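Here is a short briefing to read with the model open beside you. Take it topic by topic, and follow along in the viewer as you go.

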Amino acid sequence: MSETRMIGFDAEVFLANAGLGRTIVQVKPKESFFSQRDPADSIFYLRKGSARLTVVSQEGKEATITLLCAGDFIGEEALASLGGLRMATATAITACTALRIEREEMVRVMHEEHTFSDLFLKFLLARSMRTQADLIDQLFNSSEKRLARILLLMAEFGQPGEPERLIPAISQKMLADMIGTTRSRVCFFMNRFRKLGFIDYNGRIRVYKSLLNVVLLDQLPDRNAATPSLLMAPPVES
């Protein structure tokens with residue numbers, strides 16, 4: 001009988017501590033958990049910090065798939081097949097603390113502990129719904145709305161209950177890559193959002209809940225309220 005069964009299984013305890021087949025890892029900003037085409041031999045559970053998943057085409061063009069925050073699993077493709085390869089690169093945006101779970105241990109606990117497999121299934125369903133929402137956003141929304149949505153999603157990485165939140169340090173170039181536009185357009189939209197009181201920044205971006213107006217309302221404020229010559233944004237931290 002396994003140790004987890006003898007003492008009673010607790011998913012939170014399992015995901016919080018090192019043990020058989022589990023290691024606590026610290027990842028610095030801009031460091032990778034794993035890279036595209038690495039062996040897919042483990043899964044990470046992000047306990048603290050934020051990260052992003054990216055893919056690189058054969059031509060060398062990079063695209064961001066999704067953002068990750070505390071409570072997310074990273075690299076779940078390791079469960080798909082033994083000896084498979086990573087389909088993307090996972091890179092820390094901020095300093096991260098994660099639990100690295102070997103593939104064999106992940107498979108074992110999913111088979112033996114229904115509470116854990118339920119938790120993991122809920123994560124996969126939420127990830128699938130988020131992916132669909134990202135696709136719809138990319139297909140039907142303007143780049144301005146896509147930027148607002150990304151900033152709001154990143155603001156959720158702050159402490160719960162805060163009425164206004166600092167998002168992780170991110171460059172305008174990275175934001176442009178994530179929403180499929182140019183850095184100059186991101187700069188223009190950021191200036192406009194700040195002019196309208198939706199965001200503020202001095203090195204780090206502070207997002208206000210009023211930014212939801214850009215995403216939810218069909219009728220946005222007059223675009224002439226801000227012009228490219230108005231309050232040109234200082235560079236966001238690279």
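The points below cover a sheet, one of its residues, a hairpin, the cysteines and the salt bridges.

This is a predicted model. One part to look at is an open sheet of four antiparallel strands, ordered E1-E8-E3-E6. Salt bridges are another theme, with nine found in a search of the whole structure, while the search for disulfides finds zero.

**The four-stranded sheet**

- The strand order is E1-E8-E3-E6, and the pairing is antiparallel. Strand E1 (22–27) and strand E6 (73–74) stand at the edges with a single partner strand each, so each has one side without a neighbour in the sheet.
- Strand E3 covers residues 42–48 and is joined to E6 by two bridges, the two strands running antiparallel. In these pairings, Tyr 45 has Phe 73 of E6 as its bridge partner, and Phe 44 has Ile 74 of E6.
- E3 is also joined to E8, here by six bridges, again in the antiparallel sense. Leu 46 has Ala 98 in E8 as its bridge partner.
- Why is E3 described as largely enclosed by the rest of the structure? The reason is that five of its seven residues are buried.
- Helix H3 (residues 103–112) lies across E1, E3, E6 and E8, and runs at about 80° to E8.

**A closer look at Thr 97**

- Thr 97 belongs to strand E8, which spans residues 96–102.
- Is Thr 97 buried or exposed? Its relative accessibility is 18%, so it counts as buried, the cut-off being under 20%.
- The side chain of Thr 97 makes a polar contact with the Gln 26 side chain, at 2.9 Å.
- Beyond its neighbours within four places in sequence, Thr 97 is in contact with Ile 24, Val 25 and Gln 26, and also with Tyr 45, Leu 46, Arg 47 and Lys 48.

**The E10–E11 hairpin**

- Strand E10 (residues 199–201) pairs with E11 over three bridges, in the antiparallel sense. Asp 200 stands opposite Arg 206 of E11.
- Three residues lie between the strands of this hairpin, and Gly 203 takes a positive phi near 95°.
- In a regular strand the side chains alternate between the two faces of the sheet. Strand E11 (residues 205–208) has such an alternation: Ile 205 and Val 207 point to one face and are buried, whereas Arg 206 and Tyr 208 point to the other face and are not buried.

**Cysteines**

- How many disulfides does a search of the whole structure find? The result is zero.
- Cys 69 has a relative accessible area of 24% and is therefore partly exposed. Cys 187 has a relative accessibility of 7% and counts as buried.

**Salt bridges**

- The search of the whole structure finds nine salt bridges. The pairs and the network below are picked out for a closer look.
- Arg 52 and Glu 62 meet through their side chains in a salt bridge, with N to O at 3.4 Å. This pair links distant parts of the chain, with Arg 52 in strand E4 (residues 50–56) and Glu 62 in strand E5 (residues 62–69), 10 residues apart. Arg 52 is buried at 12% relative accessible area, whereas Glu 62 is partly exposed at 37%.
- Arg 127 forms a salt bridge with Glu 76, and the closest N and O atoms are 2.9 Å apart. Here Arg 127 sits in helix H4 (residues 114–140) and Glu 76 in the loop between E6 and strand E7 (89–92), so the pair links distant parts of the chain, 51 residues apart. Both Arg 127 and Glu 76 are buried.
- Arg 192 and Glu 144 also meet in a side-chain salt bridge, at 2.0 Å from N to O. The pair links distant parts of the chain, Arg 192 being in helix H7 (residues 183–195) and Glu 144 in helix H5 (residues 143–155), 48 residues apart. Arg 192 is buried, with a relative accessible area of 2%, and Glu 144 counts as buried at 1% relative accessibility.
- A network of salt bridges links Arg 22, Glu 105, Arg 108 and Glu 112.

Conventions. Residues numbered from 1 in each chain as written. Predicted model: local features only at pLDDT ≥ 70, side-chain atom pairs only at ≥ 80, totals over all residues. Heavy atoms only, no water. Buried < 20%, exposed > 50% of the residue type's maximum accessible area, 1.4 Å probe, protein only. Polar contact = N/O pair within 3.5 Å; in protein donor to acceptor, adjacent residues only side chain to side chain. Contact = heavy atoms within 4.5 Å. Pairing = 2+ DSSP bridges. Axes fitted to C-alpha atoms, helices over the stretch in contact; angles between N-to-C directions. Disulfide = S-S within 2.5 Å. Salt bridge = Lys/Arg side-chain N within 4 Å of Asp/Glu carboxyl O.
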